[in-house]
Amino acid sequence: MSRQLKLGAFLMATGHHVAAWRHPDVPANAGLDFAHYKRLAQIAEAAKFDALFVADSVAAPTQDIASRMARSDHFEPLTLLSALSAVTEHIGLIATATTSYNEPYHVARKFASLDHLSGGRAGWNLVTSDNAAEALNFGRDEHIGHAERYSRAREFHQVVTGLWDSWEDDAFVRDKVSGAYYDPAKLHVLDHVGEHFRVKGPLNVARSPQGQPVIVQAGSSETGRELAAQTAEVVFTAQTSLANAQAFYADLKARLPKYGRSADALKIMPGVFVVVGGTEAEAREKCETFQQLVEPEVGVALLGRMLGNFDLSKYPLDGPLPELPLTESGQQSRQKLLTELAGRENLSLAELGRKIAGGRGHYSLVGTPEQIADRLQEWFEQGAADGFNVLVPHLPGGLEDFANGVVPELQRRGLFRTEYEGRTLRQNLGLARPGNRFV
(Lines give C-alpha, C1' and ligand atoms only; values in the text may rest on other atoms or scores of the structure.)
Protein backbone atom coordinates (compact mmCIF):
# COMPACT_ATOMS: atom_id res chain seq x y z
CA MET A 1 0.00 0.00 0.00
CA SER A 2 1.28 3.47 -0.85
CA ARG A 3 1.93 5.93 1.97
CA GLN A 4 -1.29 7.44 3.32
CA LEU A 5 -1.86 10.45 5.53
CA LYS A 6 -3.19 10.35 9.11
CA LEU A 7 -6.06 12.44 10.47
CA GLY A 8 -6.91 13.56 14.00
CA ALA A 9 -10.15 15.32 14.94
CA PHE A 10 -9.40 18.09 17.45
CA LEU A 11 -12.59 18.40 19.48
CA MET A 12 -13.10 21.65 21.36
CA ALA A 13 -16.68 21.50 22.70
CA THR A 14 -18.53 24.03 20.52
CA GLY A 15 -15.79 24.24 17.89
CA HIS A 16 -12.42 25.84 17.42
CA HIS A 17 -13.67 29.31 16.51
CA VAL A 18 -13.79 31.52 19.59
CA ALA A 19 -17.32 32.68 18.66
CA ALA A 20 -18.66 29.24 17.70
CA TRP A 21 -20.88 28.98 20.78
CA ARG A 22 -22.92 31.97 19.51
CA HIS A 23 -23.78 30.30 16.19
CA PRO A 24 -27.44 29.13 16.00
CA ASP A 25 -26.46 25.62 14.87
CA VAL A 26 -24.15 24.98 17.84
CA PRO A 27 -25.36 23.67 21.22
CA ALA A 28 -24.13 26.31 23.68
CA ASN A 29 -23.85 23.75 26.50
CA ALA A 30 -21.73 21.36 24.42
CA GLY A 31 -18.85 21.28 26.90
CA LEU A 32 -20.89 19.16 29.33
CA ASP A 33 -23.17 17.31 26.88
CA PHE A 34 -22.05 13.69 26.49
CA ALA A 35 -24.58 13.00 23.73
CA HIS A 36 -22.89 15.79 21.72
CA TYR A 37 -19.44 14.21 22.13
CA LYS A 38 -20.80 10.75 21.33
CA ARG A 39 -22.14 12.08 18.04
CA LEU A 40 -18.79 13.73 17.22
CA ALA A 41 -16.87 10.53 17.99
CA GLN A 42 -19.14 8.47 15.78
CA ILE A 43 -18.93 10.97 12.90
CA ALA A 44 -15.14 10.86 13.07
CA GLU A 45 -15.01 7.07 13.37
CA ALA A 46 -17.36 6.58 10.41
CA ALA A 47 -14.97 8.77 8.39
CA LYS A 48 -12.03 6.56 9.54
CA PHE A 49 -10.15 9.29 11.45
CA ASP A 50 -7.14 7.94 13.31
CA ALA A 51 -7.97 9.64 16.59
CA LEU A 52 -9.96 12.12 18.61
CA PHE A 53 -7.79 14.76 20.26
CA VAL A 54 -8.98 16.56 23.40
CA ALA A 55 -7.05 19.49 24.89
CA ASP A 56 -7.22 20.51 28.54
CA SER A 57 -6.52 23.20 31.10
CA VAL A 58 -6.65 22.87 34.87
CA ALA A 59 -7.74 26.47 35.45
CA ALA A 60 -10.94 28.31 34.54
CA PRO A 61 -10.58 31.79 33.00
CA THR A 62 -11.76 34.47 35.43
CA GLN A 63 -11.06 37.81 33.71
CA ASP A 64 -14.09 40.00 32.97
CA ILE A 65 -13.85 39.18 29.25
CA ALA A 66 -14.00 35.45 30.04
CA SER A 67 -17.75 35.80 30.57
CA ARG A 68 -18.00 36.40 26.80
CA MET A 69 -16.12 33.20 25.88
CA ALA A 70 -17.28 29.56 26.03
CA ARG A 71 -14.20 28.06 27.62
CA SER A 72 -15.16 27.91 31.31
CA ASP A 73 -16.89 24.54 31.64
CA HIS A 74 -15.91 21.27 30.03
CA PHE A 75 -15.33 17.60 30.83
CA GLU A 76 -12.05 16.35 32.24
CA PRO A 77 -10.57 14.63 29.13
CA LEU A 78 -9.74 11.18 30.52
CA THR A 79 -13.20 10.86 32.04
CA LEU A 80 -14.77 11.87 28.72
CA LEU A 81 -12.62 9.55 26.60
CA SER A 82 -13.23 6.64 28.95
CA ALA A 83 -16.96 7.08 28.33
CA LEU A 84 -16.41 7.43 24.57
CA SER A 85 -14.39 4.22 24.54
CA ALA A 86 -17.64 2.36 25.26
CA VAL A 87 -19.47 3.81 22.23
CA THR A 88 -16.63 3.49 19.66
CA GLU A 89 -14.54 0.56 18.43
CA HIS A 90 -11.63 1.74 16.29
CA ILE A 91 -10.85 5.43 16.68
CA GLY A 92 -7.93 6.49 18.88
CA LEU A 93 -8.54 8.49 22.06
CA ILE A 94 -5.88 11.12 22.81
CA ALA A 95 -6.14 13.21 25.98
CA THR A 96 -3.99 16.05 27.25
CA ALA A 97 -2.41 15.79 30.69
CA THR A 98 0.10 18.33 31.91
CA THR A 99 3.43 17.30 33.42
CA SER A 100 3.53 20.57 35.36
CA TYR A 101 0.55 19.95 37.65
CA ASN A 102 0.23 16.18 37.85
CA GLU A 103 2.16 13.32 39.38
CA PRO A 104 3.63 10.60 37.14
CA TYR A 105 1.98 7.70 38.98
CA HIS A 106 -1.49 9.20 38.47
CA VAL A 107 -0.91 9.82 34.77
CA ALA A 108 0.59 6.37 34.16
CA ARG A 109 -2.29 4.65 35.92
CA LYS A 110 -5.06 6.60 34.19
CA PHE A 111 -3.73 6.20 30.64
CA ALA A 112 -2.95 2.51 31.15
CA SER A 113 -6.54 2.10 32.35
CA LEU A 114 -7.89 3.94 29.29
CA ASP A 115 -5.80 1.71 27.03
CA HIS A 116 -7.37 -1.38 28.64
CA LEU A 117 -10.90 0.09 28.53
CA SER A 118 -10.58 0.93 24.82
CA GLY A 119 -8.78 -2.23 23.71
CA GLY A 120 -5.58 -0.38 22.86
CA ARG A 121 -6.64 3.05 21.59
CA ALA A 122 -5.20 5.47 24.18
CA GLY A 123 -2.78 8.32 23.55
CA TRP A 124 -1.23 10.80 26.00
CA ASN A 125 -0.66 14.37 24.81
CA LEU A 126 2.28 15.36 27.00
CA VAL A 127 2.23 19.12 27.65
CA THR A 128 4.10 21.41 30.03
CA SER A 129 1.20 23.85 30.71
CA ASP A 130 1.13 27.23 29.00
CA ASN A 131 -1.59 28.67 31.26
CA ALA A 132 -0.02 30.60 34.12
CA ALA A 133 -3.30 30.58 36.09
CA GLU A 134 -2.95 26.83 36.65
CA ALA A 135 -0.17 27.42 39.20
CA LEU A 136 -2.61 29.05 41.62
CA ASN A 137 -4.66 25.84 41.83
CA PHE A 138 -1.66 23.76 42.91
CA GLY A 139 -0.11 25.59 45.83
CA ARG A 140 2.15 27.92 43.84
CA ASP A 141 2.28 31.71 43.65
CA GLU A 142 3.62 31.72 40.09
CA HIS A 143 3.92 29.45 37.08
CA ILE A 144 6.95 27.18 36.65
CA GLY A 145 9.54 28.71 34.31
CA HIS A 146 10.00 27.46 30.75
CA ALA A 147 13.32 25.63 31.26
CA GLU A 148 12.20 23.95 34.48
CA ARG A 149 8.90 22.89 32.92
CA TYR A 150 10.75 21.01 30.20
CA SER A 151 13.26 19.51 32.60
CA ARG A 152 10.37 18.23 34.71
CA ALA A 153 8.54 16.99 31.59
CA ARG A 154 11.53 14.94 30.45
CA GLU A 155 11.84 13.19 33.81
CA PHE A 156 8.05 12.85 34.08
CA HIS A 157 8.07 10.95 30.78
CA GLN A 158 10.84 8.66 32.02
CA VAL A 159 8.86 7.78 35.12
CA VAL A 160 5.53 7.24 33.35
CA THR A 161 6.96 5.00 30.63
CA GLY A 162 8.98 3.13 33.26
CA LEU A 163 5.83 2.47 35.26
CA TRP A 164 4.05 1.25 32.13
CA ASP A 165 6.73 -1.48 31.96
CA SER A 166 6.14 -2.61 35.56
CA TRP A 167 4.73 -5.91 34.32
CA GLU A 168 5.72 -8.08 31.40
CA ASP A 169 2.95 -8.83 28.91
CA ASP A 170 2.30 -12.32 30.29
CA ALA A 171 2.99 -11.60 33.97
CA PHE A 172 -0.59 -12.21 35.13
CA VAL A 173 -1.24 -15.96 34.85
CA ARG A 174 -4.29 -16.00 37.17
CA ASP A 175 -4.08 -19.77 37.55
CA LYS A 176 -6.91 -20.91 39.83
CA VAL A 177 -5.58 -24.45 40.15
CA SER A 178 -2.04 -23.56 41.27
CA GLY A 179 -3.10 -20.42 43.13
CA ALA A 180 -0.58 -18.24 41.25
CA TYR A 181 -2.10 -14.88 40.33
CA TYR A 182 1.06 -13.48 38.73
CA ASP A 183 4.61 -14.60 38.04
CA PRO A 184 6.92 -12.69 40.43
CA ALA A 185 9.82 -13.02 37.98
CA LYS A 186 7.87 -10.85 35.51
CA LEU A 187 7.30 -7.94 37.90
CA HIS A 188 9.76 -5.03 37.73
CA VAL A 189 10.01 -2.29 40.38
CA LEU A 190 11.04 1.06 38.89
CA ASP A 191 12.57 2.58 42.05
CA HIS A 192 13.12 5.98 40.38
CA VAL A 193 15.01 8.73 42.22
CA GLY A 194 15.57 11.91 40.23
CA GLU A 195 15.72 15.70 40.36
CA HIS A 196 11.93 16.17 40.39
CA PHE A 197 10.43 12.81 41.39
CA ARG A 198 10.89 9.81 43.66
CA VAL A 199 8.65 6.93 42.58
CA LYS A 200 9.01 3.39 43.84
CA GLY A 201 6.47 1.53 41.70
CA PRO A 202 5.26 -0.85 40.42
CA LEU A 203 2.10 0.33 38.69
CA ASN A 204 -1.07 -1.41 39.85
CA VAL A 205 -2.32 -1.88 36.28
CA ALA A 206 -1.16 -4.69 33.99
CA ARG A 207 0.82 -3.80 30.87
CA SER A 208 -1.68 -2.39 28.42
CA PRO A 209 -2.77 -3.72 25.00
CA GLN A 210 -0.45 -1.33 23.12
CA GLY A 211 2.44 -2.05 25.49
CA GLN A 212 2.37 1.68 26.11
CA PRO A 213 -0.18 4.31 25.06
CA VAL A 214 0.95 6.51 22.16
CA ILE A 215 2.93 9.59 23.24
CA VAL A 216 1.89 12.88 21.61
CA GLN A 217 3.74 16.16 22.07
CA ALA A 218 3.01 19.69 20.87
CA GLY A 219 6.07 21.83 21.61
CA SER A 220 7.77 23.61 18.71
CA SER A 221 10.38 25.70 20.53
CA GLU A 222 13.99 24.50 20.47
CA THR A 223 13.52 22.78 23.84
CA GLY A 224 10.16 21.39 22.74
CA ARG A 225 11.60 19.96 19.53
CA GLU A 226 14.37 18.19 21.39
CA LEU A 227 11.89 16.71 23.85
CA ALA A 228 9.71 15.57 20.94
CA ALA A 229 12.64 13.94 19.14
CA GLN A 230 13.50 12.04 22.30
CA THR A 231 10.02 11.07 23.53
CA ALA A 232 7.16 11.70 21.08
CA GLU A 233 5.51 9.36 18.59
CA VAL A 234 3.14 12.01 17.23
CA VAL A 235 3.82 15.75 17.12
CA PHE A 236 1.02 18.31 16.85
CA THR A 237 2.45 21.61 15.58
CA ALA A 238 1.29 25.01 14.30
CA GLN A 239 2.81 26.04 10.97
CA THR A 240 1.53 28.88 8.78
CA SER A 241 3.10 28.06 5.41
CA LEU A 242 4.37 25.14 3.36
CA ALA A 243 7.96 26.38 3.61
CA ASN A 244 7.82 26.72 7.41
CA ALA A 245 6.20 23.31 7.74
CA GLN A 246 8.85 21.71 5.52
CA ALA A 247 11.65 23.25 7.57
CA PHE A 248 10.06 22.08 10.85
CA TYR A 249 9.47 18.58 9.45
CA ALA A 250 13.05 18.22 8.18
CA ASP A 251 14.54 19.60 11.41
CA LEU A 252 12.57 17.30 13.69
CA LYS A 253 13.10 14.16 11.62
CA ALA A 254 16.85 14.92 11.50
CA ARG A 255 17.03 14.88 15.30
CA LEU A 256 15.71 11.32 15.61
CA PRO A 257 18.90 9.31 14.82
CA LYS A 258 20.59 10.87 17.87
CA TYR A 259 18.10 8.95 20.00
CA GLY A 260 18.33 5.76 17.95
CA ARG A 261 15.00 6.38 16.25
CA SER A 262 13.92 6.06 12.61
CA ALA A 263 11.93 8.66 10.66
CA ASP A 264 8.84 6.44 10.71
CA ALA A 265 8.86 6.32 14.52
CA LEU A 266 7.49 9.88 14.68
CA LYS A 267 4.40 11.16 12.85
CA ILE A 268 4.26 14.94 12.36
CA MET A 269 0.68 16.22 12.15
CA PRO A 270 0.31 20.01 11.80
CA GLY A 271 -2.97 21.58 12.84
CA VAL A 272 -5.15 22.81 9.98
CA PHE A 273 -8.23 24.98 10.45
CA VAL A 274 -10.76 24.05 7.76
CA VAL A 275 -13.97 25.67 6.56
CA VAL A 276 -15.67 23.62 3.81
CA GLY A 277 -18.26 24.82 1.31
CA GLY A 278 -19.89 23.57 -1.89
CA THR A 279 -18.21 26.48 -3.63
CA GLU A 280 -15.35 28.71 -2.58
CA ALA A 281 -17.78 31.63 -2.21
CA GLU A 282 -20.02 29.54 0.04
CA ALA A 283 -17.06 28.54 2.20
CA ARG A 284 -15.91 32.15 2.56
CA GLU A 285 -19.42 33.28 3.43
CA LYS A 286 -19.61 30.54 6.06
CA CYS A 287 -16.29 31.64 7.54
CA GLU A 288 -17.33 35.28 7.57
CA THR A 289 -20.48 34.36 9.51
CA PHE A 290 -18.26 33.30 12.40
CA GLN A 291 -15.91 36.25 12.02
CA GLN A 292 -18.80 38.68 12.36
CA LEU A 293 -19.57 37.19 15.77
CA VAL A 294 -16.11 38.03 17.14
CA GLU A 295 -16.17 40.96 19.53
CA PRO A 296 -12.84 42.87 19.21
CA GLU A 297 -12.14 42.61 22.94
CA VAL A 298 -12.70 38.84 22.85
CA GLY A 299 -10.31 38.43 19.93
CA VAL A 300 -7.64 40.47 21.72
CA ALA A 301 -8.12 38.51 24.97
CA LEU A 302 -7.61 35.27 23.04
CA LEU A 303 -4.54 36.78 21.38
CA GLY A 304 -3.02 37.73 24.73
CA ARG A 305 -3.54 34.20 26.00
CA MET A 306 -1.99 32.67 22.86
CA LEU A 307 1.01 35.04 22.98
CA GLY A 308 1.92 33.77 26.44
CA ASN A 309 -0.58 35.00 29.06
CA PHE A 310 -0.29 38.75 28.43
CA ASP A 311 -2.99 41.30 29.29
CA LEU A 312 -3.42 43.41 26.14
CA SER A 313 -6.57 45.25 27.28
CA LYS A 314 -4.67 48.48 28.02
CA TYR A 315 -3.45 48.83 24.42
CA PRO A 316 -5.53 50.54 21.67
CA LEU A 317 -7.44 48.12 19.47
CA ASP A 318 -6.41 49.96 16.30
CA GLY A 319 -2.76 50.12 17.34
CA PRO A 320 0.00 47.64 16.52
CA LEU A 321 0.94 44.61 18.54
CA PRO A 322 3.17 45.98 21.32
CA GLU A 323 6.68 44.68 21.87
CA LEU A 324 6.43 41.93 24.45
CA PRO A 325 9.11 40.11 26.44
CA LEU A 326 9.74 36.46 25.68
CA THR A 327 7.06 34.51 27.52
CA GLU A 328 8.18 32.33 30.39
CA SER A 329 4.70 30.98 31.14
CA GLY A 330 3.36 30.30 27.63
CA GLN A 331 4.37 28.74 24.32
CA GLN A 332 7.44 30.53 23.00
CA SER A 333 7.00 29.03 19.53
CA ARG A 334 3.42 30.32 19.27
CA GLN A 335 4.50 33.77 20.46
CA LYS A 336 7.13 33.90 17.72
CA LEU A 337 4.66 32.70 15.09
CA LEU A 338 1.98 35.29 15.94
CA THR A 339 4.47 38.16 16.30
CA GLU A 340 5.87 37.39 12.84
CA LEU A 341 2.33 37.19 11.41
CA ALA A 342 1.44 40.63 12.81
CA GLY A 343 4.56 42.19 11.31
CA ARG A 344 4.32 40.44 7.95
CA GLU A 345 0.70 41.51 7.35
CA ASN A 346 0.90 44.84 9.21
CA LEU A 347 -2.11 43.97 11.39
CA SER A 348 -3.56 46.04 14.19
CA LEU A 349 -4.23 44.43 17.54
CA ALA A 350 -7.93 43.97 16.73
CA GLU A 351 -7.18 42.65 13.24
CA LEU A 352 -4.71 40.11 14.57
CA GLY A 353 -7.16 38.99 17.25
CA ARG A 354 -9.87 38.54 14.64
CA LYS A 355 -7.52 36.73 12.26
CA ILE A 356 -6.61 34.05 14.81
CA ALA A 357 -10.15 33.69 16.19
CA GLY A 358 -10.62 30.46 14.27
CA GLY A 359 -7.27 28.81 13.67
CA ARG A 360 -5.32 30.39 16.56
CA GLY A 361 -2.22 30.58 14.43
CA HIS A 362 -2.67 27.26 12.63
CA TYR A 363 -2.69 26.99 8.84
CA SER A 364 -6.19 27.88 7.61
CA LEU A 365 -8.03 26.59 4.55
CA VAL A 366 -11.35 27.94 3.32
CA GLY A 367 -12.76 26.38 0.15
CA THR A 368 -14.28 23.37 -1.58
CA PRO A 369 -13.37 19.77 -0.70
CA GLU A 370 -11.21 19.63 -3.83
CA GLN A 371 -9.35 22.84 -2.97
CA ILE A 372 -8.72 21.72 0.58
CA ALA A 373 -7.59 18.26 -0.53
CA ASP A 374 -5.16 19.92 -2.97
CA ARG A 375 -3.38 21.75 -0.16
CA LEU A 376 -3.36 18.76 2.20
CA GLN A 377 -1.93 16.60 -0.57
CA GLU A 378 0.72 19.22 -1.33
CA TRP A 379 1.92 19.34 2.27
CA PHE A 380 1.80 15.56 2.61
CA GLU A 381 3.73 14.83 -0.59
CA GLN A 382 6.26 17.64 -0.30
CA GLY A 383 7.78 16.80 3.07
CA ALA A 384 5.71 19.00 5.36
CA ALA A 385 3.40 16.54 7.13
CA ASP A 386 2.60 12.89 7.80
CA GLY A 387 -1.00 13.86 8.42
CA PHE A 388 -3.08 16.59 10.03
CA ASN A 389 -4.93 17.45 13.21
CA VAL A 390 -8.18 18.89 11.87
CA LEU A 391 -9.71 21.95 13.51
CA VAL A 392 -13.19 23.04 12.42
CA PRO A 393 -14.99 26.29 13.26
CA HIS A 394 -18.09 24.74 14.81
CA LEU A 395 -19.36 21.37 15.99
CA PRO A 396 -20.93 19.18 14.87
CA GLY A 397 -21.48 20.94 11.53
CA GLY A 398 -17.85 21.64 10.67
CA LEU A 399 -16.80 18.06 11.35
CA GLU A 400 -19.67 16.74 9.22
CA ASP A 401 -18.60 19.05 6.37
CA PHE A 402 -15.06 17.67 6.49
CA ALA A 403 -16.14 14.03 6.92
CA ASN A 404 -18.70 14.18 4.10
CA GLY A 405 -16.68 16.33 1.69
CA VAL A 406 -12.91 16.30 2.19
CA VAL A 407 -12.48 12.71 3.41
CA PRO A 408 -14.14 11.13 0.32
CA GLU A 409 -11.96 13.32 -1.91
CA LEU A 410 -8.80 12.19 -0.11
CA GLN A 411 -9.96 8.57 -0.40
CA ARG A 412 -10.65 9.02 -4.12
CA ARG A 413 -7.03 10.15 -4.53
CA GLY A 414 -5.74 7.13 -2.61
CA LEU A 415 -4.39 9.37 0.15
CA PHE A 416 -6.55 8.12 3.02
CA ARG A 417 -7.86 4.76 4.22
CA THR A 418 -11.31 3.38 3.50
CA GLU A 419 -11.04 0.86 6.37
CA TYR A 420 -9.02 0.76 9.58
CA GLU A 421 -5.83 -1.28 9.30
CA GLY A 422 -5.96 -2.64 12.85
CA ARG A 423 -7.64 -2.45 16.22
CA THR A 424 -5.13 -0.33 18.12
CA LEU A 425 -4.11 3.29 17.67
CA ARG A 426 -0.51 2.17 17.10
CA GLN A 427 -1.54 -0.19 14.31
CA ASN A 428 -3.56 2.49 12.54
CA LEU A 429 -0.80 5.08 12.86
CA GLY A 430 1.84 2.61 11.68
CA LEU A 431 3.78 2.72 14.94
CA ALA A 432 5.62 -0.24 16.43
CA ARG A 433 4.53 -1.78 19.71
CA PRO A 434 7.34 -1.04 22.20
CA GLY A 435 9.06 -3.88 24.00
CA ASN A 436 9.39 -3.94 27.77
CA ARG A 437 12.63 -2.21 28.80
CA PHE A 438 13.23 -4.69 31.60
CA VAL A 439 13.17 -7.79 29.38
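Which residues of the largest nonpolar core touch the most other members? The legends below, which describe a predicted model, begin with that core.

**View 1. The largest nonpolar core and Trp124.** Among the 71 residues of this core, Leu7, Phe49 and Trp124 are the ones that touch the most other members, while helix 4 gives the most to the core, with 7 residues. Leaving aside residues up to four places away in sequence, the contacts of Trp124 include Ala95, Val107, Phe111, Phe156 and Val216. Another core, of 21 residues, lies apart from it and has Val294, Leu302, Met306 and Ala357 among its members.

**View 2. Helix 3 and its buried side.** The 15 residues of helix 3 (residues 104-118) should span 21 Å at 1.5 Å a residue, and the end C-alpha atoms are indeed 21 Å apart. Buried in this helix are Pro104, Val107, Ala108, Phe111, Ala112, Leu114, Asp115 and Ser118, and because they cover an arc of only 155 degrees around the axis, they lie on the same side of helix 3. Their cover includes helix 2, strand 3, strand 4 and helix 4, and just after helix 3 comes Gly119, with a positive phi of about 75 degrees.

**View 3. The salt bridge of Asp50 and Arg417.** The side chains of Asp50 and Arg417 meet at 2.7 Å, N to O, and since Asp50 lies in the loop between helix 1 and strand 2 and Arg417 in the loop between helix 12 and helix 13, the pair ties together parts that are 367 residues apart in sequence. Asp50 is buried, at a relative accessible area of 1%, and Arg417 counts as buried at 2%.

Notes
Residues numbered from 1 in each chain as written. Predicted model: local features only at pLDDT ≥ 70, side-chain atom pairs only at ≥ 80, totals over all residues. Heavy atoms only, no water. Helix = DSSP H or I, 4+ residues; strand = E, 2+ residues; numbered from the N terminus. Expected span 1.5 Å × (residues − 1). Buried < 20%, exposed > 50% of the residue type's maximum accessible area, 1.4 Å probe, protein only. Arc of directions from axis to C-beta. Contact = heavy atoms within 4.5 Å. Core = buried A, V, L, I, M, F, W, Y, C linked by side-chain atoms within 4.5 Å. Salt bridge = Lys/Arg side-chain N within 4 Å of Asp/Glu carboxyl O.
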